[in-house]
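Trainee: Hey, can you walk me through this one? I'd like to start with the whole chain and then look at some details.

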Amino acid sequence: VDDVLLKALINGESITREEALEIPSVNSAVDFICNTFAMVQFKLYEEEVDENGKKHTREVEDARVDLLNDDTKDTLDGFQFKKAMCEDYLLGKGGYAYIKKNRNKFVGLYYVKDEDVTIESNFNPIYKNYDILVNGERFNNFEFLKLLRNTKDGASGVGIVKEIDRALRTGYRRLLYEYDLTVTGGSRKGFIKSQKKLDQKAMDALKKAWEDYYNGNANTVILNDGMEFQEASNTSQQNEILAKEQSFTGEMMNLFHI
């Protein structure tokens, strides 16, 4: 089967995170949200009560603020750290960062890819508890900073790639379809019908001429007597695909609340 849309339906394969980011509307939305989040400067406040009993808040200088905003002590600075966490929050099972402490002092914040994190739960629906495993090493859940989307257990969330897998698969296949049209110069796919049987040499020559035509290396293909070309799909279906692409872009913007 050569048609990319038909392949997606037959195979039933799931879209990957990398493939989802190849869709322009998804990439644009994710980049916009992550950059916006990464620019946010976190601050820490403390509530005080004065001698008259009135409450006041004051900003507090703290190592945790510096770790989040400036130097995480990891290879990522504050901006890159928050952007990576936000992307995992949107597309993966959540953003995770290991909190390094020296006694009671916070000394580092180390981003960990969500794909390197494994959750080991106690499976108790009421008294939920879990450990976090990274490359087989076990950590307590409070040793990690977690940024989770649509979570039900506080351990892992549901990313958009998993939540709307079928819609993203359709959008990605539509992108491949457009690429295929560009490569072939908009030429239609179809079948060559021959009234007589071709020997192997004639078939090889015809295949080469047809591949050169689709690859843009030739402008024409000459069909011998008794041969004709029959399209595999019609224009109305192709126009419908292009119309759906425009609505898909709008749906993606709504999904990301943009």
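Mentor: Sure. One term to begin with: a contact here means heavy atoms within 4.5 Å. Also keep in mind that this is a predicted model.

Trainee: Okay, so what share of the contacts with a separation of 6 or more comes from residues 24 or more positions apart?

Mentor: Those residues account for 59% of them.

Trainee: And how many helices and strands does the chain have?

Mentor: There are nine helices and 10 strands.

Trainee: What percentage of the residues count as buried?

Mentor: Of the 258 residues, 28% do. As for the surface, the chain exposes about 17,200 Å², and carbon and sulfur atoms supply 50% of that area.

Trainee: Switching to pockets. What's the volume of the second largest one?

Mentor: About 250 Å³.

Trainee: Which element gives the most to its lining?

Mentor: That's α4, with four residues. Both α4 (63–69) and β4 (105–112) supply at least two residues each. Among the lining residues are F42, R64, L67, F106 and L145.

Trainee: How does that lining split by class?

Mentor: Nine residues are nonpolar, two are charged, and none are polar.

Trainee: You mentioned F42. How many aromatic pairs are there in the chain?

Mentor: The count is four. In one of them, the ring centres of F37 and F42 are 6.2 Å apart and the planes sit at 75°, so the pair is edge-to-face. The cut-off for that label is an angle over 60 degrees.

Trainee: Are those two rings' residues buried or partly exposed?

Mentor: F37 counts as partly exposed at 24% relative accessibility, and F42 is partly exposed too, at 32%. Buried would need a value under 20%.

Trainee: Which residues form an aromatic cluster?

Mentor: Y98, F139 and F144 form one.

Trainee: New topic: backbone angles. What's phi for K73?

Mentor: About 75°, a positive value, although K73 is not a glycine. For background, most residues other than glycine have a negative phi.

Trainee: Where is K73 found?

Mentor: In the loop between α4 and α5 (78–91). K73 counts as partly exposed, at 47% relative accessibility.

Trainee: And what about phi of F123?

Mentor: Phi of F123 is near 60°, again positive in a residue other than glycine. F123 is found in the loop between β5 (117–121) and β6 (130–134).

Trainee: Is F123 buried or exposed?

Mentor: Exposed: F123 has a relative accessible area of 73%, and the cut-off for that word is over 50%.

Note on methods
Residues numbered from 1 in each chain as written. Predicted model: local features only at pLDDT ≥ 70, side-chain atom pairs only at ≥ 80, totals over all residues. Heavy atoms only, no water. 1 Å grid on protein atoms, 1.4 Å probe; cavity = no way out; pocket = protein on both sides within 12 Å on 5 of 7 lines; lining within 4 Å. Points joined across faces, edges and corners; volume = space filled by probe spheres on them. Nonpolar A, V, L, I, M, F, W, Y, C, P; charged D, E, K, R; others polar. Buried < 20%, exposed > 50% of the residue type's maximum accessible area, 1.4 Å probe, protein only. Areas by Shrake-Rupley, 256 points an atom, 1.4 Å probe, with all protein chains shown as cover. Phe/Tyr/Trp six-rings, centres within 6.5 Å; stacked < 30°, edge-to-face > 60°.
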